[in-house]
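Here is a small set of exercises to work through with the viewer open. Try each task yourself before reading the solution below it.

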Amino acid sequence: MAETNNDDVKTMSFETALAELEQIVGTLEGGKAPLAESIAIYERGEALKSHCETLLKAAEARIEKITLSRDGKPIGTEPLDGK
């Protein structure tokens with residue numbers, strides 16, 4: 001069986017990768033793809049899932065929580081997780 005090259009996944013936006021992943025899930029759930037093709041698209045799905053998780057973690061790390069003074073006015077920011 002030929003090795004699938006998933007290098008293009010690394011350059012995809014989150015939305016593009018998620019849309020393709022959803023398409024793959026639909027194909028696999030339909031059960032009409034031959035075994036070899038199912039394995040290949042499953043492997044691509046794993047690459048897409050991993051890429052989406054990486055992008056989500058990066059976005060989460062950038063989110064900041066706004067800190068407020070006692071009177072409710074914004075005074076700064078701190079990391080979302082409090083670290």
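## Exercise 1: Getting an overview

The chain has 2 helices and 2 strands as its secondary structure. Keep in mind that this is a predicted model.

**Task.** Find the order in which the elements of the chain run from the N terminus on, and the share of its residues that count as buried.

**Solution.**
Step 1. Follow the chain from the N terminus: the elements appear in the order α-α-β-β.
Step 2. Turn to burial: 19% of the 83 residues of the chain count as buried.
Step 3. Look at the surface. The chain exposes about 6500 Å², and 56% of this area is supplied by carbon and sulfur atoms.
Step 4. Add the contacts. Taking those between residues at least 6 apart in sequence, 52% join residues at least 24 apart.

## Exercise 2: The helix pair

**Task.** Describe how helix 1 and helix 2 cross, and say which residues make the contact.

**Solution.**
Step 1. Two numbers are needed here, because a pair of packed helices is described by the angle between the axes and the distance between them.
Step 2. Helix 1 covers residues 14-30 and helix 2 covers residues 35-62; their axes come within 9 Å and cross at roughly 145°.
Step 3. The handedness of this crossing of helix 1 and helix 2 is left-handed.
Step 4. On the side of helix 1, the contact is made by Phe-14, Ala-17, Leu-18, Glu-20, Leu-21, Ile-24, Thr-27 and Leu-28. Helix 2 contributes residues including Ser-38, Ile-41, Arg-44, Leu-48, Lys-49, His-51 and Cys-52.
Step 5. Sorted by class, the contact of helix 1 with helix 2 has 12 nonpolar, 4 polar and 3 charged residues.

## Exercise 3: The nonpolar core

**Task.** List the residues of the largest nonpolar core and say which helices supply at least two residues of it.

**Solution.**
Step 1. A general tendency helps to set the scene: in soluble globular proteins, nonpolar side chains tend to be buried together.
Step 2. In this model the largest nonpolar core has 8 residues, namely Val-9, Met-12, Ala-17, Leu-21, Ile-24, Ile-41, Leu-48 and Cys-52.
Step 3. At least two residues of this core come from helix 1, and at least two from helix 2.
Step 4. Pick one member, Cys-52, and set aside its neighbours within four places in sequence: Cys-52 is then in contact with Phe-14, Ala-17 and Leu-18.

## Exercise 4: Arg-44 and His-51

**Task.** Are Arg-44 and His-51 buried or exposed, and what does each one touch?

**Solution.**
Step 1. Locate them: Arg-44 lies in helix 2, and so does His-51.
Step 2. Apply the cut-off of under 20% relative accessible area for burial. Arg-44 has 14% and is therefore buried; His-51 has 13%, so His-51 is buried as well.
Step 3. Collect the contacts, not counting residues up to four places away in sequence. Arg-44 touches Asn-5, Asn-6, Asp-8, Val-9, Met-12, Glu-20 and Ile-24. His-51 touches Val-9, Lys-10, Met-12 and Ala-17.
Step 4. Follow one partner of Arg-44 back. Glu-20, in helix 1, touches Met-12, Arg-44 and Leu-48 under the exclusion of residues up to four places away.

## Exercise 5: Acidic residues before helix 1

**Task.** How far are Asp-7 and Asp-8 from Ala-47, C-alpha to C-alpha?

**Solution.**
Step 1. Place them: Asp-7 is in the segment before helix 1, and Asp-8 lies there too.
Step 2. Check accessibility. Asp-7, at 47%, is partly exposed, and Asp-8, at 36%, counts as partly exposed.
Step 3. Read off the distances. Asp-7 and Ala-47, 40 residues apart in sequence, are 9.1 Å apart in space. For Asp-8 and Ala-47, 39 residues apart along the chain, the separation is 10.0 Å.

Note on methods:
Residues are numbered from 1 along each chain as its sequence is written. This is a predicted model: local features need pLDDT of at least 70, side-chain atom pairs count only at pLDDT 80 or more; totals for chains, interfaces and linings use all residues. Side-chain values use heavy atoms; hydrogens and water are left out. Axes are lines fitted to C-alpha atoms, for helices over the stretch in contact, and angles run from 0 to 180 degrees between N-to-C directions. Helices (H or I, at least four residues) and strands (E, at least two) are DSSP runs, numbered from the N terminus. A crossing is left-handed if the near helix is turned anticlockwise from the far one by less than a right angle, and right-handed if clockwise. Contact means heavy atoms within 4.5 Å. Ala, Val, Leu, Ile, Met, Phe, Trp, Tyr, Cys and Pro count as nonpolar, Asp, Glu, Lys and Arg as charged, and the others, Gly among them, as polar. A nonpolar core is a set of buried Ala, Val, Leu, Ile, Met, Phe, Trp, Tyr and Cys residues joined through side-chain atoms within 4.5 Å. Buried means under 20% relative accessible area, exposed over 50%, partly exposed in between (1.4 Å probe, protein chains only). Accessible areas come from the Shrake-Rupley method with a 1.4 Å probe; for residues, only the protein chains shown count as cover.
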